[in-house]
Amino acid sequence: MKEGLHPEYHKVVFLDTSSDYKFLGGSTKTSDETIEWEDGNSYPLIRVEISSASHPFYTGKQKADKVGGRVDRFKKKYNLG
């Protein structure tokens, strides 16, 4: 690989802010905030809003405002039934 062309790839800890789930992964993104991981090493901390621990597809839980299809929402909006 050419020098200076590719970003530095390193280990980081991702923190799902909606469920407090943490996992160690690799990324080119970095952060000034760090966290000590289970192995005793300190890694940059990247905060994310959603992960497999909180995503409806993986958890099987759907948010209340998304229940029902387009037709149901249309009927509710216009009081049709």
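Among contacts in the protein between residues at least 6 apart in sequence, 35% join residues at least 24 apart. The model is a predicted one. Two helices and four strands make up its secondary structure, and from the N terminus on these elements run β-β-β-β-α-α. Of the 81 residues, 17% count as buried. The accessible surface comes to about 7000 Å², and 50% of that surface belongs to carbon and sulfur atoms.

The four strands form an open sheet in the order S2-S1-S4-S3, with mixed pairing. Strand S2 (21-27) and S3 are the edge strands, each pairing on one side only. From one strand to the next, the twist averages 45°. Strands of a sheet pair through backbone hydrogen bonds, in either the parallel or the antiparallel sense. Strand S1 (residues 10-16) and S4 run parallel and are joined by four bridges. Within S1, Asp16 stands opposite Val48 in S4. The pairing of strand S3 (residues 34-36) with S4 is antiparallel and extends over three bridges; here Ile35 stands opposite Tyr43 in S4. S3 and S4 also form a hairpin, with five residues between them. In the turn of this hairpin, Gly40 has a positive phi of about 90°.

Strand S4 covers residues 42-48 and includes Pro44. Pro44 has a relative accessible area of 15% and is therefore buried, the cut-off for this class being under 20%. When neighbours within four places in sequence are left aside, Pro44 is in contact with His10, Lys11, Val12, Val13, Thr30, Ser31, Glu33 and Thr34. The C-alpha atoms of Pro44 and Phe14 are separated by 8.6 Å, although the two residues are 30 apart along the chain.

Tyr43, also in S4, has contacts that were listed in the manner used for Pro44, leaving aside neighbours within four places in sequence. The residues in contact with Tyr43 are Lys11, Val12, Val13, Leu24, Glu33, Thr34, Ile35 and Trp37. Tyr43 is also a member of the largest nonpolar core, which has five residues. The other members of this core are Val13, Leu15, Trp37 and Leu45. S1 and S4 each supply at least two residues of the core. In soluble globular proteins, nonpolar side chains tend to be buried together.

Aromatic pairs were considered next. A search of the whole structure finds three such pairs. In one of them, the ring centres of Phe14 and Phe23 are 5.3 Å apart and the ring planes lie at 25°, so the pair is stacked; planes under 30 degrees apart fall in that class. Phe14 is buried, with a relative accessible area of 15%, whereas Phe23 is partly exposed, with a value of 28%. Ring pairs link Phe14, Tyr21 and Phe23 into a cluster.

Backbone conformation was examined in the segments outside the sheet. Most residues other than glycine have a negative phi. Asp20 is not a glycine, yet it has a positive phi of about 60°. This residue, Asp20, is placed in the loop between S1 and S2. Asp20 counts as exposed because its relative accessibility is 59%, and the limit for exposure is over 50%. Asn79 likewise is a residue other than glycine with a positive phi, in this case near 50°. Asn79 is found in the segment after H2, and at 70% relative accessibility it counts as exposed.

The helix that precedes Asn79 is H2, which comprises residues 70-77. An α-helix has 3.6 residues a turn, so residues three or four places apart point the same way. Helix H2 is hardly covered: among its eight residues, the count of buried residues is zero.

Methods:
Residues numbered from 1 in each chain as written. Predicted model: local features only at pLDDT ≥ 70, side-chain atom pairs only at ≥ 80, totals over all residues. Heavy atoms only, no water. Buried < 20%, exposed > 50% of the residue type's maximum accessible area, 1.4 Å probe, protein only. Contact = heavy atoms within 4.5 Å. Pairing = 2+ DSSP bridges. Axes fitted to C-alpha atoms, helices over the stretch in contact; angles between N-to-C directions. Phe/Tyr/Trp six-rings, centres within 6.5 Å; stacked < 30°, edge-to-face > 60°. Core = buried A, V, L, I, M, F, W, Y, C linked by side-chain atoms within 4.5 Å. Areas by Shrake-Rupley, 256 points an atom, 1.4 Å probe, with all protein chains shown as cover.
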